[in-house]
Amino acid sequence: QVQLVESGGGLVQPGGSLRLSCAASGDAFSIRTMGWYRQAPGKQRELVAAITSSGTTNYADSVKGRFTISRDNAKNTVYLQMNTLKPEDTGVYYCNSKKVIGAITYSAWGQGTQVTVSS
């Protein structure tokens, strides 16, 4: 069982930056694919960025060139550096962990951290 705790959200002006962190407890962090999702009011949760155990990353088109996902396996932590923030980046950001064993995918979610981009 893995537990995920996000931190780093807050209120920032358009054009500003924030760095989110997600600390994971439990086993086998290094083999997990870690992701950041966000959910804006009235909208569905969407993938923002993900990073595999080998370090391969993928991003939503809306954040490419502005956000960077990274991981530190020694600290069991994944980060999301968000630059040039826009009001449309506002939402609750959730950390997700996926571990695949055979045909079974084990998924876990953090409690979320609020990001508000507003002047």
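Two strands are taken as paired if DSSP finds at least two bridges between them. In this predicted model, that criterion bears on the hairpin of strand 7 and strand 8, which has 4 residues between the strands and in which N76 takes a positive phi near 50°.

The hairpin belongs to an open sheet of 4 strands, arranged in the order 1-3-8-7 with antiparallel pairing. Strand 1 (3-7) and strand 7 (67-72) stand at the edges, and because each has a single partner strand, one side of each is left without a neighbour in the sheet. On average, and with direction ignored, neighbouring strands of this sheet are turned by 15° against each other. Two of the pairings are set out below, each with a pair of residues that face one another across the strands.

| Strands | Sense | Bridges | Opposed residues |
|---|---|---|---|
| Strand 1 and strand 3 (residues 18-25) | antiparallel | 5 bridges | E6 and C22 |
| Strand 7 and strand 8 (residues 77-82) | antiparallel | 6 bridges | D72 and T77 |

Along strand 7 the side chains alternate, with F67, I69 and R71 pointing to one face and buried, whereas T68, S70 and D72 point to the other face and are not buried.

A further site is found at S97, which lies in strand 9 (residues 91-101). Since its relative accessibility is 0%, and the cut-off for burial is under 20%, S97 counts as buried. Its side chain makes a polar contact with the side chain of R32 at 2.9 Å. Leaving aside neighbours within four places in sequence, S97 is in contact with residues including V2, L4, T33 and M34, as well as Y106, S107 and A108.

Key. Residues numbered from 1 in each chain as written. Predicted model: local features only at pLDDT ≥ 70, side-chain atom pairs only at ≥ 80, totals over all residues. Heavy atoms only, no water. Helix = DSSP H or I, 4+ residues; strand = E, 2+ residues; numbered from the N terminus. Axes fitted to C-alpha atoms, helices over the stretch in contact; angles between N-to-C directions. Buried < 20%, exposed > 50% of the residue type's maximum accessible area, 1.4 Å probe, protein only. Polar contact = N/O pair within 3.5 Å; in protein donor to acceptor, adjacent residues only side chain to side chain. Contact = heavy atoms within 4.5 Å.
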